[in-house]
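Thank you all for coming. I would like to take a few minutes on one structure, beginning with confidence and then turning to the aromatic and nonpolar side chains.

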Amino acid sequence: MTVYDVTMAKIRQLPESLAQEVSDFVEFLLMRRDSTRWQLWTQFAEALEMAELDFSDYLLNLEDYENRLARGEIQR
């Protein structure tokens, strides 16, 4: 049996949800081989990470503001 045959046999044993994860990973591997798609993906991932960091800072500042407002340190 080839590696392909063994891999396909294992995939057939998986429940649908895990087969979907395998499919997603295969799509990731194929994308990585396509330099244009990979470059777009890495740019997207970097932008998403920056957005999440900025949002995290926003939430921390909002929580601090709400706490200070509740203690009466800030007037509306």
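**Confidence, aromatic pairs and a surface patch**

What you see is a predicted model, so let me begin with confidence: the mean pLDDT of the protein is 86, and 99% of its residues reach 70 or more. Within the protein, that confidence is highest in helix α1, residues 3-12, at a mean of 94, and lowest in α3, at 81. Please keep the value for α3 in mind, as much of what follows concerns that helix, which spans residues 35-70.

Let me turn to the aromatic rings. The count comes to three aromatic pairs. Trp41 and Phe44 make up one aromatic pair, with 5.7 Å from centre to centre and 40° between the planes, and this geometry is classed as tilted. Both residues belong to helix α3, where they sit three residues apart, or about one turn of the helix.

Are these two side chains buried or exposed? Trp41 has a relative accessible area of 36%, and because the range for partly exposed residues runs from 20% to 50%, Trp41 is partly exposed. Phe44, at 49% relative accessibility, also counts as partly exposed.

Elsewhere among the aromatic residues, Phe25, Phe28 and Trp38 come together as one aromatic cluster.

Finally, the surface. Which residues form a nonpolar patch there? They are Phe55, Tyr58, Leu59, Leu62 and Tyr65, and together they have about 480 Å² of accessible area. Of these, Phe55 lies in helix α3, the helix that also holds Trp41 and Phe44, and in which the mean confidence is lowest, at 81.

Key. Residues numbered from 1 in each chain as written. Predicted model: local features only at pLDDT ≥ 70, side-chain atom pairs only at ≥ 80, totals over all residues. Heavy atoms only, no water. Patch = residues over 30% accessible without salt bridge, like charges linked within 9 Å, V, L, I, M, F, W, Y side chains within 5 Å. Areas by Shrake-Rupley, 256 points an atom, 1.4 Å probe, with all protein chains shown as cover. Salt bridge = Lys/Arg side-chain N within 4 Å of Asp/Glu carboxyl O. Helix = DSSP H or I, 4+ residues; strand = E, 2+ residues; numbered from the N terminus. Phe/Tyr/Trp six-rings, centres within 6.5 Å; stacked < 30°, edge-to-face > 60°. Buried < 20%, exposed > 50% of the residue type's maximum accessible area, 1.4 Å probe, protein only. pLDDT = per-residue confidence, 0-100.
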